[in-house]
Amino acid sequence: VKRGWKWLIPAAALPVLLLLAYGFKVNHRDIPSPLVDRPAAKFTLTSYAGEPMSLEAQRGKVVVLNFWASWCYPACYEEAPVLERGWRAFKERGVVVMGVDIQDKAEAGKKFINDFSLTFPNALDPTGRVSVEYGVYGVPETFFIDAKGHIRAKHVGAVTEEVFRRQVERLLAEQG
Amino acid sequence: MIPELGYGVVIVAMLLALYGGVASVVSARTGRTALLESAQHAAIGVFALVTCAMLLLVYAFLTFDFSVRYVAMNTNLATPYYYRITALWGALEGSIILWAWMVALYTLIIIIRHRHNAREFYPWVLAVMFGVLTFFLLVMTIPAPPFERLTPIPANGRGLNPLLEDSGMITHPVALYLGFTGFTVPFAFAIAALATGRVGDRWITLTRRWTVVAWYFLSLGLLIGGWWSYHVLGWGGYWAWDPVENAAFMPWLTGTAFLHSVMIQERRRMLKLWNIGLVIMTFSLTLFGTFLTRSGVIASVHAFSQGSIGAFFLAFLGTVVLGSLWLLAWRWEDLGAEGELDSVVSRESAFLLNNVLLVAATFTVFFGTVFPLLSEAVRGVKVSVGAPFFNQVNVPLFLSLVVLMGVGPLIAWRRASAENLRRNFVWPVVIGLAAAAIIFALGVRSTLAVFSLAVTAFVSACIGVDFLRATRARLRVGEGIFPAMGGLLVRQNRRYGGFVIHLGILIIVVGITGSQAWSVQREATLQKGQAVELAGYKFQFDALSARENGNHFLVESTFKVTNGGAATRELRPAKKFYPQEQSPIAHVDYHLGWVDDLYMVLGDFARDGSQATVKVQVNRMVSWIWFGGLILTFGTILAILPDRKKPA
């Protein structure tokens, strides 16, 4: 019996390793926001195309509201194509992607939109009021808003294909 | 071009390291020396290739080659050239290159030093080094490639994190990694000892200097990290028990335990199992630290990044821990002690107690660090463990360790007689008590501070008594006083090197005690011309100016500091606005002194320069911590001097 005990030494390390592996499941980017499940704040901005861009006008649609900046490298550069693809894939199904460019210069913002050939509406937030109302503390941050105008999820950091699809499909499914 | 070239170099290096590892193992099992020589050549090749990869990356940095993603992420056109070189280890991918390079360098030194004097272990040692190298090179090819190409090529890069634009950041990672990688060598020897069954003290004698050097660099890395935190981050402290600080501290604790416990094995043939266990633990903890910083498993201010790299590190950590513990269990019967503990009052038991305390401290730090994870896994509740927990548990442990620092080196081996105790400890105890009385008389009422300083005095007296007695013995045989002292330091360099290191630690303890007990701070909003008073100093707000300053915009305030009207000093705390950062970075201004550090951080300010909010601190005795580091350096150099007497 005594000889067998020694194998408990390596075995004892297993639970610790398993605990560390569990850490991968924890998502530190899923920042709990007090705004989740609250009505999204209204705003109206003028888009880079010169048209009014407001949340109110999109009631009844699922809105992906993305806060970005041209100086936010690399995360905003990574997610821009993802957002554009998502917008093209889902716009027929009642999904709108809106970009709010914060703390930025208009020329730089325009160049960013041209570089990535973004076709969804984007607007500069010249006073920073919108980003303050949404409690944005770093770019990029993305809010997923359901058809009733409630914020349902907040994502910090670059949006990935998988996150975009999962959140949007969930909100579309609820609509039925 | 550089991305492809660099990537190619890394892949060839990885394959070569893999080959070297296999060749070493085969030669260890078959005794074929030709294979072993081939493995040595592979090691030289790996070193050359990794050096080449590192130089390529430096070249890409110097020429602003933004087609390399890592370069674009960590520099921009305004980054000064020296930070472009050190940006090499400013983030994840580059730090892995540096790491691999150091392991390759150490492998080379092993070949030079131990090719002939450690024949029995040598092939296995090489195999372990190659295994570690292969892993780091694998990380450089798949989860964290430093040579990833970026398309489209941006016109300008993002720039180095402004907090890292500091001389401390140039040296801190290098020292820390030298320490981390340094422990690979004793680990490799321990594994070789297990593999060959030669678990006597030969592997320990061979790796003593390696361990001391690795331990020293780790200490230095921690101290420089504290210095950086102190003079850059602006919160006025040097240690915050952040998970990543803890991750670097844990291998330091077990490494310290190992440095002491090997002395018992050398002297009394005890603790074989324990020593191998400590080395395995130390090396695993260095990997655990790397895993923590790079996996994003635990939220921390230091966290580098996320991605698949965490899984790679966990897999490697698992392999190392399970593999080495399996070897340990397999050799279990050979690891029994040949000597026994004769008495509780002996040097052995003082050292044992030292080890128990150090390992206990390691466990509490480990527990506190992973507790948030445990809580989330078991109860689904997010919690954070902060400084109060760590302080409460560790301060008593550390103070006991300081006491042992005085007792351990002086108490007799095997069984201490009453005569031995009286001869060595009467004076130190008297001096310790006297110190306590004096400190109390000076008006110090914090029990912890009085106790801590009294203990420091006791240990210093122990060291002094021993040194004086040894010097007197040499004087009696007719040596002059200075030759006698110098001769002691050089001839018994190991013992007195250790004493000097202990002195360094004591000085650090005084610094920590003083800064924790007597530092004061306050915040104030001042109109131009107004002043705030703190601890006898008057800080008067004189001016606020703004200007472009290299790669950032600087808003600088000017304060006149007077102390009872006598000395006048000017401090200029500022705020730096970097285009690539959203929020400004505080630039701390300070004046260091042996007793008082004046320390100012600029908070809010009025745009017209009429008003400023500042945090003012008078930090006590912090400089002793940095000075202690200097003494530590002298002690280490003394301890690793080549032995004077050639062993017969």
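**Chain B, from overall shape to single residues**

Let me begin with the whole chain: the secondary structure of chain B comes to 19 helices and ten strands. With a radius of gyration of 27 Å, close to the 26 Å that the globule rule gives for 648 residues, chain B is as compact as a globular protein of that length. Please keep in mind throughout that this is a predicted model, and that the values I quote are computed from it. Along the principal axes, the C-alpha atoms of chain B fill a box of roughly 80 × 70 × 60 Å. Of the 648 residues in chain B, 57% are buried, and if we take the contacts in this chain with a separation of 6 or more, 71% of them are between residues 24 or more positions apart.

I turn next to the sheet. Four strands of chain B make an open sheet in the order β1-β10-β9-β8, with antiparallel pairing. Its edge strands are β1, residues 520–527, and β8, residues 589–591, each of which pairs on one side only, and from one strand to the next the twist averages 20°. Between β1(B) and β10(B), the latter covering residues 611–620, there are eight bridges, and Gln527(B) stands opposite Gln611(B) in β10(B). What lies across β1 and β10 of chain B? That is helix α18 of chain B, residues 493–518, which runs at about 135° to β10(B).

Now to a helix earlier in the chain, α9(B), which spans residues 202–232. Its 31 residues reach 45 Å from the first C-alpha to the last, close to the 45 Å expected at 1.5 Å a residue, although α9(B) does bend by about 45° at Arg208(B). This helix is mostly covered, in that 24 of its 31 residues are buried, and just after α9(B) comes Gly234(B), which takes a positive phi of about 80°.

Finally, I would like to look at a single residue, Gln265(B), which sits in helix α10 of chain B, residues 243–268. Is Gln265(B) buried or exposed? Its relative accessibility is 1%, and since buried means under 20%, Gln265(B) counts as buried. Which residues is Gln265(B) in contact with, leaving aside its neighbours within four places in sequence? They are Val199(B), Gly200(B), Asp201(B), Ile204(B), Met270(B), Leu271(B), Lys272(B) and Asn275(B). Among these, Ile204(B) brings us back to α9(B), for that helix covers residues 202–232.

Methods. Residues are numbered from 1 along each chain as its sequence is written. Chains are lettered from A and ligands numbered from 1 in the order in which they are written. This is a predicted model: local features need pLDDT of at least 70, side-chain atom pairs count only at pLDDT 80 or more; totals for chains, interfaces and linings use all residues. Side-chain values use heavy atoms; hydrogens and water are left out. Two strands pair if DSSP finds at least two bridges between them. Helices (H or I, at least four residues) and strands (E, at least two) are DSSP runs, numbered from the N terminus. Axes are lines fitted to C-alpha atoms, for helices over the stretch in contact, and angles run from 0 to 180 degrees between N-to-C directions. Contact means heavy atoms within 4.5 Å. Buried means under 20% relative accessible area, exposed over 50%, partly exposed in between (1.4 Å probe, protein chains only). The expected span of a helix is 1.5 Å times one less than its number of residues. The bend at a residue is the angle between axes fitted to the seven residues ending there and the seven starting there. The radius of gyration is taken over C-alpha atoms; the globule rule is 2.2 Å times the number of residues to the power 0.38.
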